[in-house]
Amino acid sequence: MAGNNKSSETRPRNWPEPVSSNKESNRPMKNKLKLDKANGKLMGVCSGLANWSGMDANLLRIIFVLATIFGFGSAIIIYLAIGLIVD
């Protein structure tokens, strides 16, 4: 029983380590959302979102087209807002 010292452990071994709250460790994200104008079709919104999220750009384009059709054009406003704000 001497080798079984569970009283000193406060959490199970498979739990992740807690993140420190030091201000020095608050670095910006590595994967920032940026427009990808080189690979984009119109403004680079879908290709930028694809790079940021890891999804396929064509899938995001299809989602935006379907959202525009079934959302009565509201996706166009979202697309333009992302295109004008992000970069």
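Here is a friendly conversation between a biologist and a modeller about the predicted model above. Residues are numbered from 1 along each chain as its sequence is written. Because the model is predicted, local features need pLDDT of at least 70 and side-chain atom pairs count only at pLDDT 80 or more, while totals for chains, interfaces and linings use all residues; side-chain values use heavy atoms, with hydrogens and water left out.

Biologist: How many helices and strands does the chain come to?

Modeller: Both kinds of element are DSSP runs numbered from the N terminus: helices are H or I runs of at least four residues, and strands are E runs of at least two. Reading along the sequence gives the pattern α-α-α. The total is three helices and zero strands.

Biologist: What percentage of the 87 residues in the chain is buried?

Modeller: Buried means under 20% relative accessible area, exposed means over 50%, and partly exposed is in between, using a 1.4 Å probe and protein chains only. Out of the 87 residues in the chain, the buried share is 21%.

Biologist: What percentage of the accessible surface belongs to carbon and sulfur atoms?

Modeller: Areas come from the Shrake-Rupley method with a 1.4 Å probe, and for residues only the protein chains shown count as cover. The chain has about 7500 Å² of accessible surface. The part that belongs to carbon and sulfur atoms is 61%.

Biologist: Which element gives the most residues to the largest nonpolar core?

Modeller: A nonpolar core is a set of buried Ala, Val, Leu, Ile, Met, Phe, Trp, Tyr and Cys residues joined through side-chain atoms within 4.5 Å. The largest one has 11 residues, among them Leu35, Val45, Cys46, Leu49 and Val86. Two or more residues each come from α1 (45–53), α2 and α3 (74–85). With four residues, the top contributor to this core is α1.

Biologist: Against which helices do the buried residues of α1 pack?

Modeller: In α1, the buried residues are Val45, Cys46, Ser47, Gly48, Leu49 and Ala50. They pack against α2 and α3.

Biologist: Which residues form the aromatic pair that is edge-to-face?

Modeller: Rings of Phe, Tyr and Trp (its six-membered ring) pair if their centres lie within 6.5 Å; planes under 30 degrees apart are stacked, over 60 edge-to-face, and the rest tilted. The whole structure holds one aromatic pair, with 5.4 Å centre to centre and 85 degrees between the planes. It links helix α2 to helix α3 across 15 residues. Its members, both buried, are phenylalanine 64 and tyrosine 79.

Biologist: Why does aspartate 36 count as buried or exposed?

Modeller: Aspartate 36 sits in the segment before α1. Contact means heavy atoms within 4.5 Å, and beyond four places in sequence aspartate 36 contacts Gly44, Ser47, Gly48 and Asn51. Because its relative accessibility is 15%, aspartate 36 counts as buried.

Biologist: What separates the C-alpha atoms of aspartate 36 and aspartate 87?

Modeller: These two residues are 51 residues apart along the chain. Next door in sequence, leucine 35 also touches Asp87, along with others including Met43, Ile82 and Val86. For aspartate 36 and aspartate 87, the C-alpha separation is 9.0 Å.

Biologist: Which residue has a positive phi although it is not a glycine?

Modeller: Most residues other than glycine have a negative phi. Glycine 54, just after α1, takes a positive phi of about 85 degrees. The non-glycine case lies in the loop between α2 and α3 and counts as exposed because its relative accessibility is 79%. With a phi of about 55 degrees, it is phenylalanine 72.

Biologist: How much accessible area does the nonpolar patch on the surface have?

Modeller: Patches are made of residues with over 30% relative accessible area and no salt bridge, joining like charges within 9 Å and nonpolar side chains (Val, Leu, Ile, Met, Phe, Trp, Tyr) within 5 Å; a salt bridge is a side-chain nitrogen of Lys or Arg within 4 Å of a carboxyl oxygen of Asp or Glu. Isoleucine 69, in helix α2 (residues 57–70), is exposed at 54%. Together with Ile62, Val65, Leu66 and Phe70, Ile69 makes up a patch of about 530 Å².

Biologist: Is isoleucine 85 buried or exposed?

Modeller: Isoleucine 85 belongs to helix α3, and its C-alpha atom is 9.9 Å from that of leucine 35. Because its relative accessibility is 70%, isoleucine 85 counts as exposed.
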